[in-house]
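Trainee: Could you walk me through this one? I would like to start with the inside and then move on to the strands and rings.

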Amino acid sequence: MPHRHRHHRAMGAAVAATAALLVAGLSGSASAGTAPAGSAPTAAETLRTDAAPPALLKAMQRDLGLDRRQAERRLVNEAEAGATAGRLRAALGGDFAGAWVRGAESGTLTVATTDAGDVAAIEARGAEAKVVRHSLADLDAAKARLDKAAAGVNTADAPVWYVDTRTNTVVVEAIRPAAARSLLTAAGVDGSLARVKDRTERPRTFYDLRGGEAYYINNSSRCSIGFPITKGTQQGFATAGHCGRAGSSTTGANRVAQGTFQGSIFPGRDMAWVATNSQWTATPYVLGAGGQNVQVTGSTVSPVGASVCRSGSTTGWHCGTVTQHNTSVTYPEGTISPVTKTTVCAEPGDSGGSYISGSQAQGVTSGGSGDCRSGGETFFQPINALLQNYGLTLKTTGGDDGGEEPGEPGGTWAAGTVYQAGDTVTYGGATYRCLQGHQAQPGWTPANVPALWQRV
């Protein structure tokens, strides 16, 4: 692929300004809570990594082989790495080919580019650079062709496909390699872009067994509550679409009348929300081990390689890592896309439950394979897409405590809106570009959270 140099003048300016912008978690020079008085908050402070409760940290230690200090440090590093990757994605433009973290404490951020001329700028931000053949845009386009072709191809034996930034390919996981080749041929995806990987199990959705924060659908089947939400003055919760259809009634684990499914999509997506009656109050918490409350302070998307923990009604707390974004998975009921693939285990009854990184909501349990005794994998429906689709607001702690600028700044930015990386808004007479996907919170105005917004 020919190299592109149109943005290097801007990149040169970025290199000159990097000394004060090194990733706190990667450089070892800072951590959450250590920013000088009056300075802009660090990414770790913005994303409240300090809000991670003991139950979540213990699950990370158990499932990721860490001690407590390593678990705490990992959350800080992942927050800072996500912000740095967002800045580099904006600076590299079409050359950007993905980013991921690795190491016990997620201490190494790698950023891929198609242009060797970007290496100095990437390294100046404290990250490792990897020069690759295909841009992320090229890989995403190839994956989109697979999604389109899957509508006319039987994908039962090639049930999972995704963009793998670490190998710079689109991967198709197949029980029969011939099934993967059929899908690739139907999609017209070039062999240099694709890789076929063997798998032995077909993913499935997780239904129906009791536990923890379970709820019942039509007084029969059971699933897990995802995240409490509001829609105007209406309270409720987000969950998986395969758990119930619009109009289905729900009762709580205590068998008290609870609410009604207002919207549900499955297959295609795996998202739904339930409006609850006045006896139920949405709180900004996920149920943790031993009944502890785990705070939810936002919904900033975690990068590939980052830690993520799941709460479910059957197996409780389990942790792992984000392995792939933009994944498609075929269940017996049909194909779901896009979901996020993880190394976290789950079992029947965990469907709809919460995935959280630190205090940032990630998604609701869709399905997977394996179990929590022998190990497995899971897929979650990203929460931001669910919130955006139904016009819901995630219930979070903090709310309006600080962060607003004085006066009437005006502009297009609005709390409650779901923003994707690359979106632009105006605020206070300036234009800002979104660095990481999230639902905007009242205190997260663009001028106050450089981890999420960059002035342009």
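Mentor: We will go through the cores, one sheet and some aromatic pairs, keeping in mind that this is a predicted model.

Trainee: Okay, which residues touch the most other members in the largest nonpolar core?

Mentor: That core has 31 residues, and L109, V111, L146, V172, L183 and V189 are the ones that touch the most other members. Several elements each supply at least two of its residues, including the strands β1 (96-102) and β2 (108-113) and the helix α5 (68-92).

Trainee: And which element gives the most to this core?

Mentor: That is α7, which gives six residues.

Trainee: What does L146 touch, leaving out residues up to four places away in sequence?

Mentor: With those left out, L146 touches W161, V170, V172, L183, L184, A187 and V189. Apart from this core lies another one, of 30 residues, and L66, A275, V296 and V364 are among them.

Trainee: Why would such side chains sit together at all?

Mentor: In soluble globular proteins, nonpolar side chains tend to be buried together.

Trainee: Switching to strands: what order do they have in the open sheet?

Mentor: The order is β25-β26-β28, three strands with antiparallel pairing. The strands β25 (424-427) and β28 (453-455) are the edges, since each pairs on one side only. Neighbouring strands of this sheet are turned by 35 degrees against each other on average, if direction is ignored.

Trainee: How many bridges join β25 to β26?

Mentor: There are four, and β26 covers residues 430-434. To pick out one residue, T426 has T431 in β26 as its bridge partner.

Trainee: Now the rings, how many aromatic pairs are there?

Mentor: A search of the whole structure finds six aromatic pairs. In one of them, Y215 and F261 are tilted, with 6.4 Å from centre to centre and 45 degrees between the planes. This pair links distant parts of the chain, as Y215 in strand β8 and F261 in strand β13 are 46 residues apart.

Trainee: Are those two buried or exposed?

Mentor: Y215 is buried, with a relative accessible area of 0%, and F261 is buried too, at 2%. Ring pairs also link Y215 and F261 with F237 into a cluster.

Trainee: Why is the pair of W413 and Y427 called edge-to-face?

Mentor: Their planes stand at 80 degrees, and over 60 counts as edge-to-face, so the pair gets that name. The ring centres of W413 and Y427 are 5.8 Å apart. W413 counts as buried at 10% relative accessibility, and Y427 is buried at 4%.

Conventions. Residues numbered from 1 in each chain as written. Predicted model: local features only at pLDDT ≥ 70, side-chain atom pairs only at ≥ 80, totals over all residues. Heavy atoms only, no water. Core = buried A, V, L, I, M, F, W, Y, C linked by side-chain atoms within 4.5 Å. Buried < 20%, exposed > 50% of the residue type's maximum accessible area, 1.4 Å probe, protein only. Contact = heavy atoms within 4.5 Å. Pairing = 2+ DSSP bridges. Axes fitted to C-alpha atoms, helices over the stretch in contact; angles between N-to-C directions. Phe/Tyr/Trp six-rings, centres within 6.5 Å; stacked < 30°, edge-to-face > 60°.
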